[in-house]
Amino acid sequence: MAVCAEDRSGSVADYIPELARVDPDGYGLSLCVHDGHVYSEGDGVVGFTIQSISKALTYALLLTRIGRDEVDAKIGVEPSGEAFNEISVDDNRRPKNPMINAGAIMATSLLLPPVRDVDQATVDRVYGELVEFYSACAGRRLTLDEDVYRSEAQTGSRNRAIAYMLDSFGVLDTDPEAALDLYYRQCSLLVTTVDLSVIGATFANGGLNPRTGRQVLAQEVAQRVLSVMTTCGMYDGAGDWVSSVGLPAKSGVGGGILAILPGQLGIGVYSPRLDRHGNSVRGIDTCRHLSTDLGLHMFNLTRESRVTIRSVYDITEFEVSEDWTERERGYLRTCRERVRVYELQGDLTFSGAEAAMRRLSDDIDDYDVAIVDISRIGVVDPVARTMVLTFKHTLDERGQAGLVVDPDRVMRDSVERHRNDQLAPDLLAPQALRGFDPTLPHVHSTMEAAVTDAEAFLLKRRLGEGDVFGG
């Protein structure tokens, strides 16, 4: 966030008067990973109206309610290449996709009864069902910003023109005013970046909300929505977004951006200054940095298998090394539970590394030495390697130790590349111990060597800086 915070270009939306009143310097970022854990910075709990991000959710609800074939007959899925509020239809007089205003108004109309006289009670009922669905995706009850709703309803001449254009084409089967009222309400729901990140993680998980455990929508619906978000979610800036950021996303003129890495995580960003496309300036820049710095582009060719912690245990099963004196061996027998081994398996990408390092962090008071065994890891991407080394540095600063078992030298090669990085400082340590490369003393080719290193650490901390190998 610090890299993007100084950019104050763009301006807040003013065609909806109430949106012009927001603090233009608001800035929040939240990231929800596959198991529901949320990281948040800045204004992560500040409420703002969801605006056009709602289009993705209503499209999902509509697909769930009436099915793909009936939706496709009414709304296309092709990028429009036009601004979000263009009066845009295809040759069959269908809105070109559900992510522009014409498609979104059509989508809300299809949630209403196909009759010309829709009473307010019916609109209220459908709105209540819509809020229930949105809230299930977010994992908490969402509420309406009444002031923004009234402001949109009073000034929405262009949206009213779109609705009546669709009605004039004979493709709107319900009362245009009822469809507009429902549309204005959905856009005026209050969310936070935490909410957006959880919504994103719900779609990333195939419709399963990772925080509530509830299956909110079918996997095939989530897949369809993510596909349309990829090509249409960022309006006429979609092509640049897909190539440079590479995440299915949806923006809103309230300053929010929802971005999703399928199978892994959801991202919510808020910053109300917009570019000429109606997208958050800092929001786009933030997502671009996240994609690049964390390797989140969906076409990253690293395999997407999620790493798992195969086993966690202490070193009680290992005999104390014969290298130590009887006094040292006696001490080491009393503290073997203070060395904990974490065996990983699968492919270590950002999402997997985050989950594994979070587990080590949660357990941090339960051990003095953590041994991470990556002998069963197939792929370790650069971001994951940096995360492991960064956690090792955190342990160093706490007076603990982090060791790695790496028989294929994957982490050793990474240490050499990152030796001078600020995130992974020079890893110098005593070189007298046998069984490992003396230039990389905490990255070992065997578990036995790692256990010996762990024993040496415990003895050194116990006995001070003297010769731990003496008699």
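Is Thr58 buried or exposed? Thr58 is buried, with a relative accessible area of 1%. The views below start with the whole chain and then come back to this residue. Keep in mind that this is a predicted model.

**Figure 1. The whole protein chain, with its 17 helices and 12 strands.** Before zooming in, here's the overall picture. The chain runs to 471 residues, and 57% of them count as buried. Now take the contacts between residues at least 6 apart in sequence: 73% of these join residues at least 24 apart.

**Figure 2. Helix 2 crossing helix 8.** Helix 2 covers residues 54-66 and helix 8 covers residues 176-187. Their axes come within 9 Å and cross at roughly 125°. Helix 2 is therefore oblique to helix 8. As for handedness, this crossing is right-handed.

**Figure 3. The residues where helix 2 meets helix 8.** On the helix 2 side, look for Ser54, Lys55 and Thr58. Their partners in helix 8 are Tyr183, Gln186 and Cys187. Sorted by type, the residues of this contact come out as two nonpolar, three polar and one charged.

**Figure 4. A close-up of Thr58 in helix 2.** Here's the residue we opened with. Its relative accessible area is 1%, and because buried means under 20%, Thr58 counts as buried. So what does the side chain of Thr58 pair up with in a polar contact of 2.6 Å? The partner is the side chain of Tyr134. Leaving out neighbours within four places in sequence, Thr58 is in contact with Ala107, Thr108, Leu111, Leu130, Tyr134 and Gln186. Tyr134 therefore turns up both in that contact list and in the polar contact, with a cut-off of 4.5 Å between heavy atoms for the list. Gln186 should look familiar too, as one of the helix 8 residues from the previous view.

**Figure 5. A close-up of Ser197 in helix 9.** This view moves to another helix, spanning residues 193-204. Ser197 is buried, and its relative accessible area is 0%. A polar atom of its side chain lies 2.8 Å from the backbone oxygen of Val194.

**Figure 6. What surrounds Ser197.** Not counting residues up to four places away in sequence, Ser197 touches Ser30, Leu31, Cys32 and Val38, and also Gly266, Ile267 and Gly268. Which residue, 62 places away along the chain, has its C-alpha atom 7.9 Å from that of Ser197? That residue is Ala259.

Note on methods
Residues are numbered from 1 along each chain as its sequence is written. This is a predicted model: local features need pLDDT of at least 70, side-chain atom pairs count only at pLDDT 80 or more; totals for chains, interfaces and linings use all residues. Side-chain values use heavy atoms; hydrogens and water are left out. Axes are lines fitted to C-alpha atoms, for helices over the stretch in contact, and angles run from 0 to 180 degrees between N-to-C directions. Helices (H or I, at least four residues) and strands (E, at least two) are DSSP runs, numbered from the N terminus. Angles under 35 degrees count as roughly parallel, over 145 as roughly antiparallel, 65 to 115 as roughly perpendicular and the rest as oblique. A crossing is left-handed if the near helix is turned anticlockwise from the far one by less than a right angle, and right-handed if clockwise. Ala, Val, Leu, Ile, Met, Phe, Trp, Tyr, Cys and Pro count as nonpolar, Asp, Glu, Lys and Arg as charged, and the others, Gly among them, as polar. Buried means under 20% relative accessible area, exposed over 50%, partly exposed in between (1.4 Å probe, protein chains only). A polar contact is a pair of N or O atoms within 3.5 Å; within protein, one must be able to donate a hydrogen and the other to accept it, and residues adjacent in sequence count only if both atoms are side-chain atoms.
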